[in-house]
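Q: I would like a close look at one part of this protein. Please take it step by step, and then show how that part sits in the whole.

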Amino acid sequence: MVDVLIRNGMVVDGSGKPRYCADVGIKGDRIAFVGDAHEAEAAEVIDGTGKVVCPGFVDPHSHADLSLFRENQVALLEPLVRQGITTFMGGNCGMSLAPIPDRNRDAVKEYIQIFTQLDFDKDIAWSTMGEFLEFIEDRGLLLNAGVLAPHGLLRLSETGEDMRYATAAEIENMAAALDRALDEGAIGLSTGLQYVPGSQSDTRELLRLGEVVKKHNAIFTSHLRSYSNTLDKAIDEVIEVGEVNDIPVQISHLFWIPDYGIFNPAFQSIARGLARLSKWWTVPLPVDKPMQDRLDQMMDARARGVRVGLDVMPTTTGFTHILAFFPPWSLEGGREAILKRLHDPLERQRIQNSIEHGKMKWPHTGGEAWTLNLFRLMGYECARIMAVQTRRNKRYEGLSLVEIATQRNQHPFDAACDLLLEEDGHVLVFESMADPEDAFTERSMYAAFKHPEVAVSTDAILMGVGRPSHLFYGCYPKFLGRYVREMKLLPLETAIRKMTAVPADQFRLEGRGHLVEGAYADVVVLDPNTVASRATFETPDLFPVGIDHVFINGHHVVDGDTFSPDPRPGRLLRGRN
């Protein structure tokens with residue numbers, strides 16, 4: 001007797017091997033069998049005829065950990081489960097909610113508040129990673145989650161808001177703090193090397209922290225220093241950390257933005273023109289060649305034994321804090337110092353000059369140059385407002401800086417600065433070379449979409465503020481509907497593997513990502529003929545179609561239109577020490 005029997009489905013088990021017809025039995029929180037059910041009895045029987053039965057999707061790059069402690073966690077994270085996600089890795093980009101140090105606590109407080117709009121003193125009820133994990137575990141999780149130790153918080157606790165390399169003593173203190181966080185259950189270390197304070201680190205610091213990751217049999221993940229002209233160097237830095245320490249490393253949300261130097265404005269104009277044309281016809285240019293070169297670089301490292309993994313988002317539109325567009329020197333001293341600079345016309349002009357005339361060099365630290373000058377690469381048109389905190393500026397969410405500047409009769413850079421002042425530093429933005437989700441820019445990602453060793457991720461940040469990305473509601477259905485069924489870029493079996501076993505194996509999640517007897521019963525039943533995202537940039541908050549059933553640890557959470565999250569079925573996935 002099993003609890004659930006899914007009869008006559010097409011099993012795609014996550015391994016990449018061809019689908020096959022079989023019955024799947026679930027008993028308790030485990031897969032009881034995959035094969036012929038014979039005369040097996042079950043409390044619940046699901047007809048899987050014509051449907052795909054596969055492992056639940058594993059998101060290797062998410063910020064959903066920022067919602068796990070909240071009382072309305074279920075409502076916030078429902079869009080993830082509705083699209084088939086049963087497990088996610090949180091604490092990415094060097095940013096999470098623990099540990100909270102006593103030293104330089106105010107710097108950590110500002111860092112968290114700028115990115116999350118949390119009321120730090122009211123919301124943060126813990127200090128250590130262990131206390132944070134116990135808090136969210138006691139509250140209950142909607143879906144399975146692991147949390148990475150955030151390099152940003154570890155570094156701020158030692159260097160504060162100083163723009164400099166860490167001393168040897170400070171690096172040792174960071175290593176000790178990381179050791180404690182991993183010992184208390186963090187699954188690895190995440191770095192956000194594009195962002196302050198991670199941008200101020202050097203490879204020496206990362207290598208030392210990698211030694212601690214090695215001690216705990218954990219993983220090192222990285223939002224890279226650059227995704228443009230020095231992307232190869234940024235990838236090599238992470239590969240070096242993995243190779244020297246013999247640890248798995250994960251390169252987060254890989255993408256590529258070309259740098260044509262003084263010709264950037266002309267390139268931007270051409271790219272936007274081709275993007276507009278792609279509404280009717282897409283110029284068949286091999287613009288994913290640079291992406292393929294970087295994939296080859298990583299596969300070469302794999303060939304010599306480096307355990308390097310990577311993930312991509314199926315979108316042309318990223319999202320971040322608008323301060324990520326500013327030169328690092330202008331961010332020194334914390335929020336008050338930043339806003340003071342923006343009030344000063346001379347300082348504001350100096351920042352604008354850095355953006356418009358600074359050179360992108362390796363590495364990030366020092367002077368008027370840094371490795372990912374997004375406004376210079378893509379123009380002021382690239383930024384659209386994702387979230388603000390005041391009611392008066394909500395009308396700008398979804399609009400570009402250029403559109404806002406036109407309404408205000410300002411230069412776009414002044415519009416950005418004034419919004420930051422009006423919002424006390426709380427401004428999140430979308431970023432895209434052209435109109436969101438254009439079919440021409442999308443071609444630059446094809447090589448990664450097709451590659452069997454590249455995982456698929458959402459970068460989800462669902463906190464109930466602003467405008468969500470369409471990926472938060474339909475990342476995986478979009479991948480299956482658009483790239484597998486419509487465009488036929490890759491087989492269904494390969495796509496499912498990229499969404500399940502590839503990330504689960506890279507993060508060494510035992511019993512997850514594979515539909516085999518004895519594995520945890522994280523299961524999705526979907527219709528391969530209809531599965532698709534309904535969410536768009538303009539209307540992002542629509543649930544997908546074709547995701548018929550979702551089980552998390554054997555609990556039937558999604559049954560058609562019915563959503564049954566209670567009791568919360570997720571598990572906290574702790575590191576293996």
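How many of the 11 residues of α15 are buried?

A: Start with the count. In this predicted model, 8 of the 11 residues of α15 are buried, and the helix is mostly covered. The buried residues are Pro 412, Phe 413, Ala 415, Ala 416, Cys 417, Asp 418, Leu 419 and Leu 420. Buried here means under 20% relative accessible area.

Next, ask what does the covering. Several elements take part. The cover over the buried residues of α15 includes two strands, β14 (318–321) and β15. It also includes the helices α11, α12 (345–357) and α14.

Now look just past the end of α15. Asp 424 comes there, with a positive phi of about 55 degrees. That is a positive value in a residue other than glycine. Asp 424 sits in the loop between α15 and β16 (428–431). Its relative accessible area is 34%, so Asp 424 counts as partly exposed.

Step back to α14, one of the elements that cover α15. This helix runs over residues 401–408. Leu 401, Ile 404 and Ala 405 are buried in it. Look down the axis of α14: the buried residues fall within an arc of 100 degrees, so they line one face of the helix. Thr 406 and Gln 407, on the other side of α14, are exposed. The buried residues of α14 pack against α13 (374–378), β15 (383–387) and α15 (412–422). So β15 appears twice: it packs with the buried residues of α14, and it helps cover those of α15. Just after α14 comes Asn 409, with a positive phi of about 60 degrees.

Follow another covering element, α11. This one leads to a cavity. α11 (334–343) and α2 (105–116) each supply at least two residues of the lining of the largest cavity. How is such a space found? Rolling a probe the size of a water molecule over the atoms shows where empty space is left. The structure holds 3 cavities of 30 Å³ or more. The largest has about 370 Å³ of space. Its lining is made of 29 residues. Tyr 111, Val 196, Pro 197, Leu 331 and Ile 338 are the ones nearest its centre. α2 gives the largest share of the lining, 5 residues. By class, the lining has 17 nonpolar, 7 polar and 5 charged residues.

Two of those central residues deserve a second look. Val 196 and Pro 197 are joined by a cis peptide bond, with omega about 10 degrees. Pro 197 is in the loop between β10 (188–192) and α7 (203–215).

A cis bond also joins Ala 98 and Pro 99, with omega about 0 degrees. Pro 99 belongs to the loop between β7 and α2. Cys 93 lies in the loop between β7 and α2 as well. Its phi is near 60 degrees, a positive value in a residue other than glycine. Cys 93 counts as buried, at 7% relative accessibility.

Before β7 (85–90) comes another loop, which joins it to α1 (73–82) and holds Gln 83. Gln 83 is buried, with a relative accessible area of 0%. Set aside its neighbours within four places in sequence. Gln 83 is then in contact with residues that include Phe 57, Leu 471, Tyr 473, Cys 475, Pro 544 and Ile 547.

Compare another glutamine. Gln 292 lies in helix α10 (residues 289–303). Gln 292 is partly exposed, with a relative accessible area of 27%. Its C-alpha atom is 9.1 Å from that of His 451, although the two residues are 159 apart along the chain.

Finally, place α15 in the whole. The protein chain has 20 helices and 21 strands. Its radius of gyration is 23 Å, close to the 25 Å that the globule rule gives for 577 residues, so the chain is as compact as a globular protein of that length. The C-alpha trace spans about 80 × 55 × 50 Å along its principal axes. Buried residues make up 63% of the 577 residues. Take contacts between residues at least 6 apart in sequence: 76% of them join residues at least 24 apart.

How values were computed. Residues numbered from 1 in each chain as written. Predicted model: local features only at pLDDT ≥ 70, side-chain atom pairs only at ≥ 80, totals over all residues. Heavy atoms only, no water. Buried < 20%, exposed > 50% of the residue type's maximum accessible area, 1.4 Å probe, protein only. Helix = DSSP H or I, 4+ residues; strand = E, 2+ residues; numbered from the N terminus. Arc of directions from axis to C-beta. Contact = heavy atoms within 4.5 Å. 1 Å grid on protein atoms, 1.4 Å probe; cavity = no way out; pocket = protein on both sides within 12 Å on 5 of 7 lines; lining within 4 Å. Points joined across faces, edges and corners; volume = space filled by probe spheres on them. Nonpolar A, V, L, I, M, F, W, Y, C, P; charged D, E, K, R; others polar. Rg over C-alpha atoms; globule rule 2.2 N^0.38 Å.
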